[in-house]
There are 2 protein chains.
Amino acid sequence: MTFLKSMTAAEKLATAVWQRDSLLCIGLDPDPKKLPPVALQQDDPIVWFNRAIIEATADLAVAYKLNMAFFEAQGEAGWRALRVTIAAVPADALVILDAKRGDIGNSAWQYADALYDTLGVDAATVSPYMGMDAVKPFAAYEDRLTFVLAATSNPGAAAIQDCLTADGLPLYRHVSRLTAELDDGRGCLGLVAGATRPERLADIREEAPDSWLLVPGVGAQGGDLAASLQAGLTPAGQGVLITASRSVLYASSDDRFAEAARRAAKELRHAINAQR
Amino acid sequence: MTFLKSMTAAEKLATAVWQRDSLLCIGLDPDPKKLPPVALQQDDPIVWFNRAIIEATADLAVAYKLNMAFFEAQGEAGWRALRVTIAAVPADALVILDAKRGDIGNSAWQYADALYDTLGVDAATVSPYMGMDAVKPFAAYEDRLTFVLAATSNPGAAAIQDCLTADGLPLYRHVSRLTAELDDGRGCLGLVAGATRPERLADIREEAPDSWLLVPGVGAQGGDLAASLQAGLTPAGQGVLITASRSVLYASSDDRFAEAARRAAKELRHAINAQR
């Protein structure tokens, strides 16, 4: 479908949201220790499992977030599995590489090259510890969608992300402001905002009124879905991608795991839409 | 040399420092656009170039820092090149993967697995934006040496790393304190402290009196070598790894690039030792 090539990642996402009536992103964290037994009997368990999940949810999810860590742990074979999994995602859904890369200058350009040229995905996550220098090379890819970590969903995040700038702004808010400034209305930068802290999500939305927010933490991590949507949705009921991984992938470990994943995905999509 | 297997990374580094009388780490950032023409004529230019640099400097450098970005940009072939380059480093020198990974929970364990088990290196860099949750799985590998980003050498770093905790501690200092606490005298955690800001390096040394500091930024980035060493060295004249990349790798682009790299490495080792 070559017409898709002429769309930016943001346009592709908006189209998928409209066509599927969904804000659901499925996180593919293929943990060999958690795969259902039937997957482990296949030639390439990770790829087989990913394909089964994608096929079972293709009309429900607007994006698939692939967690690089689980592929990297398999070395070169994992890199191949990553490439094959990317190819298995429908052309009209977004592929987000959850890479959390964060380096500067020439290295950052090489990371952007690795993700956006060599692997050719629509979107990726980056870490801002080294400052916006780490984001700029990604932001030069205006037809992609780069999500910058702002407030993450883990307990230990606050010790870093709640530090204050000289102006008294918490770091996660500062990062959100710098990201919105760098994006400058182009729609190629979004933010990661964990569901476990909805009040910070509201701050982030205030700093970046039009940006897409990637929101992990509603499933296994126990984040509050309703509060997160209330804090993050734009007035048009858009702008939030709720991402679920374990609660969908491992909804069942028996042979009908894909059906169970579909059911979990359908329920979550419905629960999201009930709040829009 | 099997006896090396029974040493921790910190012991291996201390031995290499003593044997080579050196605190020099060479950064391998194999940029295809900068490789000498003679390298581009080889079957596998990146591996061939890395091998030539390692062979020319093996008695001078105590560590080689491999920049993951430059390998990842080549996809699966890059992953293979990374593996072959790791194998080319002498068994008594440290391999540091400059990966700047930074994720949490299961993902962080998978990243640690990728670097320390699958690739089997001695040391790696990690990013603390998500908090110490991102560091803990690496710190569980007590026989390795994990460098946590504290103050980096790029201009845009201050906007993030100088933010203040509730106690008025700058973030880079806070990260250093948390890292030293987590290390708790085990010697498996170090810190990255850029040479472009020696006063911050002194703060970091204050927070982590016994930790190894990985110090980039003295070559092409113009950091102050003497001031950095003064700020970072322990009373025993140890504890600092000065890492140089471009100034060594690309000292010459003609056929004698390896000799030029050796000369540059030798001069830098000498300049470092003159300050110890």
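Reader: In which loop of chain A does Asp184(A) lie?

Author: In this predicted model, the residue belongs to no helix or strand but to a connecting segment of chain A. Asp184(A) lies in the loop between helix H9 (171-183) and strand E6 (189-193).

Reader: Is Asp184(A) buried or exposed?

Author: The cut-off for an exposed residue is over 50% relative accessible area. Asp184(A) has a relative accessibility of 61%, and therefore counts as exposed.

Reader: What is the phi of Asp184(A)?

Author: Most residues other than glycine have a negative phi. Asp184(A) is not a glycine, yet its phi is positive, at about 50 degrees.

Reader: Where in chain B is Asp21(B) placed, and what is its phi?

Author: Asp21(B) is placed in the loop between helix H1 (9-20) and strand E1 (24-28) of chain B. Although Asp21(B) is not a glycine, its phi is positive, at about 45 degrees.

Reader: How does Asp21(B) count in terms of accessibility?

Author: Buried means under 20% and exposed means over 50%, with partly exposed in between. The relative accessibility of Asp21(B) is 44%, so this residue counts as partly exposed.

Reader: What relation do chain A and chain B have to each other?

Author: Two copies of a chain are related by a rotation about an axis and a shift along it. Here a rotation of 180 degrees with 0.0 Å of shift along its axis superposes chain A on chain B, with an RMSD of 0.0 Å. That relation is the one of a two-fold axis.

Reader: What percentage of the contact residues of chain A recur in chain B?

Author: The two chains are superposed by a rotation of 180 degrees, the relation of a two-fold axis. The same surface serves both copies, and the share of contact residues of chain A that recur in chain B is 100%.

Reader: Which residue of chain B is in contact with Asn67(A)?

Author: Asn67(A) belongs to strand E2 (residues 63-67) of chain A and counts as buried, because its relative accessibility is 2%. The side chain of Asn67(A) reaches the backbone nitrogen of Ala69(A) at 3.1 Å. Leaving aside neighbours within four places in sequence, Asn67(A) is in contact with Leu28(A), Asp29(A) and Asp98(A), and also with Ser107(B).

Reader: Which side chain makes a polar contact with the side chain of Thr85(A)?

Author: Thr85(A) is part of helix H5 (residues 75-88) of chain A and, at 1% relative accessibility, counts as buried. Residues up to four places away in sequence aside, Thr85(A) touches six residues of chain A: Leu28(A), Val47(A), Asn50(A), Ile54(A), Leu66(A) and Phe71(A). The polar contact, at 3.0 Å, is with the side chain of Asn50(A).

Reader: How far apart in space are Tyr141(A) and Tyr116(A), C-alpha to C-alpha?

Author: Tyr141(A) lies in the loop between helix H7 (136-139) and strand E5 (145-151) of chain A. Tyr141(A) touches Tyr116(A), along with residues including Ala112(A) and Cys188(A). The two tyrosines are 25 residues apart in sequence, and their C-alpha to C-alpha distance is 8.0 Å.

Reader: With which side chain does the side chain of Tyr141(A) make a polar contact?

Author: At 14% relative accessibility, Tyr141(A) counts as buried. Among the residues Tyr141(A) touches are Asp113(A) and Asp117(A). The polar contact, at 2.7 Å, is with the side chain of Asp117(A).

Reader: How are helices H3(A) and H13(A) oriented to each other?

Author: Two packed helices are described by the angle between their axes and the distance between the axes. For helix H3 (residues 45-57) and helix H13 (residues 257-273) of chain A, the angle is about 45 degrees and the axes are 9 Å apart. The crossing is right-handed. H3(A) and H13(A) are therefore oblique.

Reader: Which residues of H13(A) make the contact with H3(A)?

Author: From H3(A), the contact is made by Trp48(A), Phe49(A), Ala52(A), Ile53(A), Ala56(A) and Thr57(A). On the H13(A) side, the residues are Phe257(A), Ala258(A), Ala261(A), Arg262(A) and Ala265(A).

Reader: How are helices H10(B) and H11(B) oriented, and what is the handedness of their crossing?

Author: The axes of helix H10 (residues 198-207) and helix H11 (residues 225-232) of chain B come within 8 Å and cross at roughly 15 degrees. That makes H10(B) roughly parallel to H11(B). Their contact is made by residues including Leu201(B) of H10(B) and Ser228(B) of H11(B). The crossing of H10(B) and H11(B) is right-handed.

Reader: How many of the 10 residues of H10(B) are buried?

Author: The buried residues of H10(B) are Pro198(B), Arg200(B), Leu201(B), Asp203(B), Ile204(B), Arg205(B) and Glu207(B). H10(B) is largely enclosed by the rest of the structure, because the number of buried residues, out of 10, is 7.

Conventions:
Residues are numbered from 1 along each chain as its sequence is written. Chains are lettered from A and ligands numbered from 1 in the order in which they are written. This is a predicted model: local features need pLDDT of at least 70, side-chain atom pairs count only at pLDDT 80 or more; totals for chains, interfaces and linings use all residues. Side-chain values use heavy atoms; hydrogens and water are left out. Copies are superposed by least squares on the C-alpha atoms of residues with pLDDT of at least 70 in both. Contact means heavy atoms within 4.5 Å. Helices (H or I, at least four residues) and strands (E, at least two) are DSSP runs, numbered from the N terminus. Buried means under 20% relative accessible area, exposed over 50%, partly exposed in between (1.4 Å probe, protein chains only). A polar contact is a pair of N or O atoms within 3.5 Å; within protein, one must be able to donate a hydrogen and the other to accept it, and residues adjacent in sequence count only if both atoms are side-chain atoms. Axes are lines fitted to C-alpha atoms, for helices over the stretch in contact, and angles run from 0 to 180 degrees between N-to-C directions. Angles under 35 degrees count as roughly parallel, over 145 as roughly antiparallel, 65 to 115 as roughly perpendicular and the rest as oblique. A crossing is left-handed if the near helix is turned anticlockwise from the far one by less than a right angle, and right-handed if clockwise.
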